[in-house]
Amino acid sequence: SILSIQVMSRLRVAFGVELSPRVLFVNPTVAGLAAVVSGSVVSESAAIGVADRAGELPLSFAQQRLWFLEEFAPGGAGYISAFALRLCGELDVDALSVALTALVARHESLRTTFEAVDGRGIQVVHPPSVVSLPVVDLSGLVESQRVVELQRVVAVDSSRPFDLVRGPLLRVGVVRLGDREHVLTVAMHHIITDGWSMGVMLGELGVLYSAAVCGRGAVLPVLRVQYVDYAVWQRELLSGAALDESLAYWRDQLMGAAALELPTDRPRPAVLSSAGAVCEFVVPAEVVVGLKGLGHRLDGTLFMTLVAACQVLFSRWSGQDDITVGTVVSGRERTDLEGLIGFFVNTIVLRSRVEGRQSFTKFLAGVRETVLDAFVHQHVPFERVVDELAPVRDTSRSPLFQAMVVLQNAPGQVSEMAGVEVSVLELPVTAANFDVTVQFQESGDVLVGALQYNTDLFDRETMGRMAGNLLVLLGGIAVDPDQLVWGLPLLPGVERDRVLVEFNDTAREVVGGSLPELFGVRVAARPDAEAVRCGSVSLSYAELDVRANRLAHWLIGVGVGPERLVAVALPRSVELVVALLAVAKAGGGYLPVDPDYPEARIGFMLSDAAPVVVLTSAAVGLRVPVVAGAVRVLVDDPVVVAAVAAMPGRAPSDADRVGALVLSHPAYVIYTSGSTGAPKAVVVSHAGLSSFSAAEIDHYRVGPGDRVLAMSSPSFDASVLELGMSLLAGAVWVVPPAAGPLAGESLLAVLEGERISHALIPPAALATIPAEIAAGGLPEFTTVIVGGDVCSAELVTRWAPGRRLINSYGPTETTVVASWSAPLVAGEDQPLIGSPIPNTRIYLLDRWMRPVPIGVVGELYIAGVGLARGYLRRPGLTAARFVANLFGAPGERMYRSGDLARWTPKGQLEFRGRADEQVKIRGFRIEPGEIEAVLATHPAISEVAVIAREDHPGTKRLVAYLVTATDPAGESAQAPPTPTELRAHTAQTLPDYMVPAVFVVLDALPLGPTGKLDRKALPAPDRLTEPVSHYIAPRTETEHTLAQVWAEVLGVEHIGVEDNFFELGGDSILSIQ
């Protein structure tokens, strides 16, 4: 690509024609190119003239951006260009000073500083002067100390900021290591140099030094123009129709491009620093041969192939199809500019849609066209493209692109210096101007690669895995470039084995058994121990067993058995527990129905599930509709009570049942919400109960003497966890008689009054208990299990000290729990959902059902013994969600959860929300949970929920719902924060587009029947303002003056005091003015 631009530059001089680099790619032979030249019209494009040095000297467009960034945040090290040369031999320091002085005299850029005039930057070229060359002598140190001190000196020199006004912007020094060993350090601000300039500088410095040593004049080509001449010429050239046409290209090409959202190791800060590091890798020779051959086959270049590969890599890591990357072009299309030192390099943006079903060769062909089109319009300064597109101002990321791909092939190499052997001393990389920059450089037969990354976002280990993924990807492309993009390999064998095998090493031997058999073991072990308590009513294991056995025999008599369902619509009570066990003992599957549900929903569940029996009571029976084909039984009807009492008290056997009970038969059926609005019934068999109950008893450390709270509605599968943690562990199941979800004072009263030791409590309900109670109360409450919703770090800080707080995750379709954490520790940024439970395997897959790398978000699939049978009488939906397990035995299935997660390097799972919960505001993808976590750190806020609302068509806004913190007496600890305070608090951590537009204070967040936050019940705000503020006239002299300045600069007639500068069309340069 560089050479093609140089060819076009020389053709301009030789023939006077303006040709695009694309012409050379379309006509790659001398004959073909000659035909094009012969048929071209001689161009009248203006040559670069010598500018009048008496007037103001403008900045080039590239300089303008760096000047603005320095004005915006002075003293940064992100745009320092530095290198160091190891000089071995007899070094003449005086001659080196003479050579540097001559170099600075030859290139005006090296003696230029920058000032501001009326809000505009200008260049100030200073007369030539002697370049001082300070020497730091380390020769007296021992070897080990000398190495350390050299590293320190070089690091400090290469990162010390420059003052653009005072200058100089070139800093040189010599470190003396010995009589014949020195190091030359060179640092410059990027505003006066670029990568090509480094090559020019190295070449000329060698010539000038050799001449100074020999006492003769140096012979170098005459420089017809200087950088300021180029800047003036560029300003004059880039105007009119030609610029408008190219700007239109970039506008059409980049409009609506989404920000690249690579998975980071830390939340993106509101203001991204330039702190950086580098991770190096090497592309083997055989892979390079294949990549070059592919480029030649498609009349392209190695650079094009590398760009395409990196875009595929970024697509696979981000899950996005629309990928934009930046790259750099030399900006030296004119031969007059090839020998100058200066900041000519321009940034161009390459945007591609990565289609998984497309072959890589076809995708590469499209990338080739994109690159060639970009080269045609490369003369448009990146800064003008940014202003034309006017993206949302966001200090947390660079505009238009966040990743760069560069193939370093600028001409220039270390030249010879008389009597001195010169080699490059590698400098540590401590800065990064983008999220990630992928650099390649040819070195012999291999490609030396480097991932330069921002350390605010990424750890070195993460970048090491990315480099490994890129090497596998490049190898796959080289071997078979015609395969589909989604099929290209990405994971090294070791990493693939970790995510598929090592992280899923969960196989455990468990004695199988149905729910009745598992309960029977506990009855036999401790028949007289208390089993269940509800208020003042208590039953021992033996008493509970007998009552359940009698009801089971009666149910068998009315036709209940395997593959038949019994609806249980009873309030919290001992009778509810008896009924659930009785249905299981009869061989049937129980369908729990919360009598507090709306009648319409209960009616749908009963008609859809078609149970053979409906068990209810006189107290709630009127709320339970009659369903055709089902026997409706009031368990407290005296006739029924007498009939049940006459049944045998022994446990039913298969001989008693209507059919033999096997582990594949339904144990229970629970309805969950459906995406279409109609609930769906999940059928769970006995098969996974024995493994899950054994695992939870061990992990939650529960046993005889413990007291387990029945917190969950029986219609929520968490009630199965509670049943297993109590009745299958020999503990007491405490069933509070209160109706509705427990929260706040009612929950606290139960925990204290019933001396609860273990409970599964949703985070939203747990948050309603005052912090001081968590810290100093409830001494018997030793194990807190959170699940069903995202657990915040604040809750962990509040509840983890002094007790075991365990985060558990699992959809209804997988026998309650699929993964759980070790006891959480206060201070962790992101509470994890742990690792797969015994005999369960979890796969994180992309949309093509391929494993994603460690740290990359994928959809969570679950396999193992706990998998549900499917959805009741919904074969199509079952087939869609319970799919073939590509990584298991033939015939094995896995459940597609729709949840998003990623693996940590230690094999722990980090929950990342639902695949359908992501919202888009102002073109940015947003996870509401990230905003909630920031707002939750405000001392006046105890609970928070954030959603995107579109109460007015076309106006989608983030709305935050808040509950203020209270003191022990239940009164507000302090006045609710104002929206202005909350915006300021949020803006400290999050970018502007993630700050909610509206804040609503509630007495409590609405909870559903299961205790989870009910997002659909969050009320609409009373008032949503329009995106642009209503006009409020200036009121003070200061406001009048500021409004007048804005009006002049922006060309807007009326400026209100609430108007936003950038929403009115302001940009970076206008802000300086």
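These questions and answers cover one sheet and its helices, then one helix pair, in a predicted model.

Reader: What is the strand order of the open sheet of 5 strands?
Author: The pairing in this sheet is mixed. Its edge strands are β5 (135–137) and β12 (420–425), and each pairs on one side only. Neighbouring strands are turned by 25° against each other on average, direction ignored. The order is β5-β6-β7-β2-β12.

Reader: How many bridges join β6 to β7?
Author: Strand β6 covers residues 170–178 and β7 covers residues 181–189. The two run antiparallel. Gly 178 stands opposite Glu 181 in β7. The number of bridges joining β6 to β7 is 8.

Reader: At what angle does helix α6 run to β6?
Author: Helix α6 spans residues 143–159. It lies across β2 (80–89), β6, β7 and β12. Its angle to β6 is about 175°.

Reader: Which strands does helix α7 touch?
Author: Helix α7 (residues 195–214) packs on the sheet. Its direction makes about 35° with that of β2. The strands touched by α7 are β2, β6, β7 and β12.

Reader: Is α21 roughly parallel or roughly perpendicular to α22?
Author: Helix α21 (residues 689–699) and helix α22 (residues 718–726) have axes 9 Å apart. They pack at an angle of about 65°. Angles of 65 to 115 degrees count as roughly perpendicular. So α21 is, relative to α22, roughly perpendicular.

Reader: Which residues of α22 meet α21?
Author: The crossing of α21 past α22 is right-handed. From α21 come Leu 689, Phe 692, Glu 696 and Ile 697. By class, the contact has 6 nonpolar, 1 polar and 1 charged residues. The α22 residues are Val 720, Leu 721, Gly 724 and Met 725.

Key: Residues numbered from 1 in each chain as written. Predicted model: local features only at pLDDT ≥ 70, side-chain atom pairs only at ≥ 80, totals over all residues. Heavy atoms only, no water. Pairing = 2+ DSSP bridges. Helix = DSSP H or I, 4+ residues; strand = E, 2+ residues; numbered from the N terminus. Axes fitted to C-alpha atoms, helices over the stretch in contact; angles between N-to-C directions. Contact = heavy atoms within 4.5 Å. Parallel < 35°, antiparallel > 145°, perpendicular 65-115°, else oblique. Left-handed = near helix turned anticlockwise from the far one by under 90°. Nonpolar A, V, L, I, M, F, W, Y, C, P; charged D, E, K, R; others polar.
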